[in-house]
Amino acid sequence: MTKFTTEQVDDLGENHIGTSSDTPLRADAFDISDSDKIESIKKDVTNILNTLGLDLTDDSLKGTPNRVAKMFVNEIFGGLNPAKKPSASVFDNKYKYGEMLVEKNITVYSTCEHHLLPIVGRAHVAYISNGTVVGLSKMNRIVDYFSKRPQVQERLTIQVVKELKKVLGTEDVACVIDAKHLCVNSRGIRDIESSTVTSEFGGKFQEKETKREFLDYINMDTNF
């Protein structure tokens, strides 16, 4: 796993700024049903494959347009639909745990919005309770929800932090994501070793000591 210094994360975090922290969606994005979207996308994928010269009567290919359309709507871009946003119940911090809570190595599967190629990596998320806590699995589900859309990694990092701030009612939330982009690894420069690190620090996590503690947790060996 990549080891981070405070200086490295500071440099990367300040420079990774997307065009908007909100996913660019049209106002009519949900005017048609998922089933209608699948039918429309299926036609478009059929046209693409036909244009490329593939024989869609072949047994291996004839189901591909439908599979791709269903995958786009129901799976890899399912996070575009606000109806699929995970509910995140919070609970009183009755045991008075006052230190940071870190959920590390959350699997990230997303899609680069520039080439529609996979982004694969890990997210590390932390917060300091101000009186409420959230179920651990909800942190994973929030990462997964915002990952399942055409993304840039900078925006994804910010969206995870913004959502947890809202759910927990605190500014003290942080997220670091380390991911490989297949638009870099499999095309273009084809650098299979490189990965991209982005970060977003809120509240107390902007303080040097708290940030250092979070990064130390990330770098702990957790091979069980």
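Q: Where is the place of Leu116?
A: This model is predicted. Two strands of the model, β2 and β3, are joined by a loop, and Leu116 belongs to that connection rather than to a strand. The place of Leu116 is thus the loop between β2 and β3.

Q: What is the relative accessible area of Leu116, and which class does it give?
A: Partly exposed residues fall between 20% and 50% relative accessible area. Leu116 has a value of 47%, so the class is partly exposed.

Q: Which value is phi of Leu116 near?
A: Leu116 is a residue other than glycine, yet its phi is positive. The angle is near 55°.

Q: In which strand does Asn105 lie, and which value is its phi near?
A: Asn105 is also a residue other than glycine with a positive phi. Its relative accessible area of 25% makes Asn105 partly exposed. Asn105 lies in strand β2, and its phi is near 60°.

Q: What is the order of the strands in the open sheet, and which are the edge strands?
A: The open sheet has five strands with mixed pairing, in the order β5-β2-β3-β6-β7. An edge strand pairs on one side only, and this holds for residues 150-151 and 196-201. The edge strands are therefore β5 and β7.

Q: In which sense do β6 and β7 pair, and which residue in β7 stands opposite Ala174?
A: Strand β6 covers residues 173-181, and its pairing with β7 runs over six bridges. The sense of this pairing is antiparallel. Opposite Ala174, the residue in β7 is Phe201.

Q: Which helix packs on the sheet, and what angle does its direction make with that of β2?
A: The helix spans residues 208-218 and touches β2, β3, β6 and β7. This is α7, and the angle between its direction and that of β2 is about 70°.

Q: Which residues is Val184 in contact with, leaving aside its neighbours within four places in sequence?
A: Val184 lies in helix α6, residues 182-185, and is partly exposed at 30% relative accessible area. Its C-alpha atom is separated by 9.4 Å from that of Leu117, 67 residues apart along the chain. With the neighbours within four places left aside, the contacts of Val184 are Ile189, Arg190, Asp191 and Ser194.

Q: Which residues form a nonpolar patch on the surface with about 300 Å² of accessible area together?
A: One member lies in helix α2, residues 34-51. That member, Ile48, counts as partly exposed at 49% relative accessibility. The patch is formed by Ile48, Leu52 and Leu54.

Terms used: Residues numbered from 1 in each chain as written. Predicted model: local features only at pLDDT ≥ 70, side-chain atom pairs only at ≥ 80, totals over all residues. Heavy atoms only, no water. Helix = DSSP H or I, 4+ residues; strand = E, 2+ residues; numbered from the N terminus. Buried < 20%, exposed > 50% of the residue type's maximum accessible area, 1.4 Å probe, protein only. Contact = heavy atoms within 4.5 Å. Pairing = 2+ DSSP bridges. Axes fitted to C-alpha atoms, helices over the stretch in contact; angles between N-to-C directions. Patch = residues over 30% accessible without salt bridge, like charges linked within 9 Å, V, L, I, M, F, W, Y side chains within 5 Å. Areas by Shrake-Rupley, 256 points an atom, 1.4 Å probe, with all protein chains shown as cover. Salt bridge = Lys/Arg side-chain N within 4 Å of Asp/Glu carboxyl O.
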